[in-house]
Amino acid sequence: MSRIKDLQKNLFGGTTSNARQFGMIFTLVAIVLLFQIWTNGLTLTSGNLIAVVSQYSYILILAIGMLMVIVAGHIDLSVGSIAAFTGIVVAKAMQEYAIPWPLGIVLGLVVGALIGAWQGFWVAYVGVPAFIVTLAGMLLFRGGNQYIGNADTVPVPHGFREIGAGYLPEVGPDTGYNNLTLLLGVLACVGVIWRELRARQKRREMNAEVAPMWISLLRLAVMLGVIIFATLRFAGGRIGTSLPISGIILIVLVLAYSFYTRNTIGGRHIYAVGGNARAAELSGVKLKRVNFFVMMNMSVLAALAGMIFVARSAASGPQDGLNWELDAIAAVFVGGAAVSGGLGTISGSIVGGLVMALLNNGLQLEGVGSDMVQIIKGLVLLLAVALDVYNKSQGRFSIIGTLMRPFQRDAPAGPAGPSSTSSDPDKAPVAG
């Protein structure tokens with residue numbers, strides 16, 4: 001019996017919550033298993049997993065920025081239009097002015113930064129609500145895309161297409177797998193082991209409670225099993241395919257932004273502003289600077305997502321970016337962010353995005369019509385948020401916020417009991 005209690009308390013991050021609090025992880029696993037059976041094994045094939053990453057990486061990139069916007073207490077409705085506008089500007093510049101594609105990427109990021117500065121100025125320094133500013137931006141930049149492109153498609157050069165349609169190249173001896181993907185898998189396994197050992201050591205140094213060794217080994221076995229399985233799937237695709245370049249970009253962004261939001265003063269200030277803007281300002285947080293940053297950062301990531309989509313499509317068109325903002329917002333809320341701001345994690349948003357992506361992919365594999373796909377996705381979003389809101393209203397831990405504990409750095413043990421204010425891992429303290 002004591003082992004069961006240890007498992008409940010430590011396996012998923014140090015709480016005594018039951019399986020209800022790990023609902024989103026279970027939902028993701030259930031969706032994968034359901035469609036794996038329903039599609040006769042197509043869901044977890046190498047080709048399908050590679051296609052999912054390639055097709056949905058830009059939405060997951062948008063979810064990273066949208067998480068920070070929502071945590072700060074705002075919303076951004078313009079990301080799809082910004083992506084489309086950036087895509088046509090970059091495509092036109094490479095076609096008509098023959099600029100090299102690496103400079104095209106730089107140009108796209110600069111365009112995103114300028115748009116973000118424009119919107120951030122109105123939100124942070126003029127005080128116009130972000131909903132209104134980005135609604136205006138959605139119309140403005142959608143019109144700009146159609147004006148610059150004359151509602152035509154504009155092709156992009158082959159080198160540029162690599163960021164959206166390229167894969168890790170084949171190098172080294174013939175192992176039957178993509179060697180670079182295998183190398184990344186090995187590095188990921190080493191990183192997970194190192195992080196677990198380091199976390200145990202830090203807790204010992206702080207005289208905090210350390211989970212039993214068998215719990216750490218079990219947690220490592222689960223995580224390493226997932227990494228090894230994914231590595232072999234992505235490395236074992238048909239010749240010429242492997243882990244998409246867009247997937248590499250996504251992984252780098254997830255790691256970088258997870259570190260920023262958890263381990264830096266600027267990241268903690270974003271949570272402080274979303275939790276209580278007035279209190280944060282009185283504590284010394286530069287409120288205008290935080291609001292300006294999250295809006296500008298969102299536009300830069302939208303520009304990057306737009307370029308990845310154009311590269312994958314081999315051309316920029318007037319319909320690019322339609323409803324992307326809705327998919328990004330859905331991923332963030334399914335992943336556990338609070339509607340009122342102040343709560344949410346990068347990893348949670350990625351899990352939420354994967355739930356929506358795999359749900360969409362599985363329904364498409366079964367030939368379900370687009371009308372039913374939209375209905376089902378809408379119901380999933382509504383139920384996920386409603387369930388989390390219900391648990392909070394009952395004084396319970398947030399389901400999705402709690403299940404993300406394993407992906408967060410370990411914190412010193414706080415006072416026991418559900419009433420402790422330190423028990424919510426998503427509510428980052430003001431650091432400054």
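The term pLDDT denotes the predictor's confidence in each residue, on a scale from 0 to 100. The structure on display is a predicted model, and its pLDDT averages 84, with 84% of the residues scoring at least 70.

**Stop 1: the whole protein**

Begin with the entire protein in a cartoon view. Its secondary structure comprises 17 helices and 2 strands. Of its 432 residues, 49% count as buried. The accessible surface amounts to about 20,200 Å², and carbon and sulfur atoms account for 67% of that area. Next, consider the contacts between residues at least 6 apart in sequence: 78% of them join residues at least 24 apart.

**Stop 2: colouring by confidence**

Colour the model by pLDDT and select residues 13-21. Over this stretch pLDDT stays under 50, and the model shows 24 contacts beyond four places in sequence for these residues. Then select residues 397-432, where the pLDDT is below 50 as well; this stretch has 91 contacts in the model beyond near neighbours in sequence. Where pLDDT is low, the predicted coordinates should not be read in detail.

**Stop 3: the largest nonpolar core**

Select L62, I64, M66, L67 and F160, and display their side chains. Within the largest nonpolar core, which has 70 residues, these five touch the most other members. Which helix supplies the largest share of this core? It is helix α13, residues 287-313, from which 14 residues come. Another core lies apart from this one; it has 20 residues, including L44, L358, L363 and V373.

**Stop 4: F160 and helix α7**

Centre the view on F160. Which residues is F160 in contact with, leaving aside its neighbours within four places in sequence? They are V90, M94, W101, I105, M307, V310 and A311.

Now extend the selection to helix α7, residues 158-165. In this helix G159, F160, I163 and G164 are buried. These residues lie on the same side of α7, because the arc that they cover around the axis is only 160°. To see what covers the buried residues of α7, add further helices to the view: α3 (46-71), α4, α5 (101-126), α10 (245-263) and α13 are among the covering elements.

**Stop 5: charged pairs**

Side chains of opposite charge can pair when their charged atoms come close. The model contains 4 salt bridges, and three residue pairs may be visited here.

- Select K92 and E96. Their side chains form a salt bridge, with a distance of 3.0 Å from N to O. The two residues are 4 apart in helix α4 (residues 79-96), and so are separated by about one helical turn. K92 is buried, at a relative accessible area of 17%, whereas E96 is partly exposed, at 47%.
- Select R278 and E281. A salt bridge joins their side chains at 3.6 Å, N to O. Both residues belong to helix α12 (residues 277-282), where they are 3 residues apart, about one turn of the helix. R278 counts as exposed, at 55% relative accessibility; E281 counts as partly exposed, at 38%.
- Select D327 and K377. Here the salt bridge has an N to O distance of 3.8 Å. Since D327 lies in helix α14 (residues 324-334) and K377 in helix α16 (residues 370-393), this pair ties together parts that are 50 residues apart in sequence. Is K377 buried or exposed? K377 is buried, with a relative accessible area of 12%, while D327 is partly exposed, at 29%.

**Stop 6: V126 and K288**

Return to helix α5 and select V126, which lies in that helix. V126 counts as partly exposed, since its relative accessible area is 42% and the partly exposed class runs between 20% and 50%. Add K288 to the selection and draw a line between the two C-alpha atoms. V126 and K288 are 162 residues apart in sequence, yet the C-alpha to C-alpha distance is 9.7 Å.

**Stop 7: N179**

Finally, select N179, which is found in helix α8 (residues 179-205). N179 counts as buried, because its relative accessible area of 16% falls under the 20% limit. Display V171, G172 and P173 beside it: N179 is in contact with these residues when neighbours within four places in sequence are left aside.

Note on methods:
Residues numbered from 1 in each chain as written. Predicted model: local features only at pLDDT ≥ 70, side-chain atom pairs only at ≥ 80, totals over all residues. Heavy atoms only, no water. Core = buried A, V, L, I, M, F, W, Y, C linked by side-chain atoms within 4.5 Å. Buried < 20%, exposed > 50% of the residue type's maximum accessible area, 1.4 Å probe, protein only. Contact = heavy atoms within 4.5 Å. Areas by Shrake-Rupley, 256 points an atom, 1.4 Å probe, with all protein chains shown as cover. Arc of directions from axis to C-beta.
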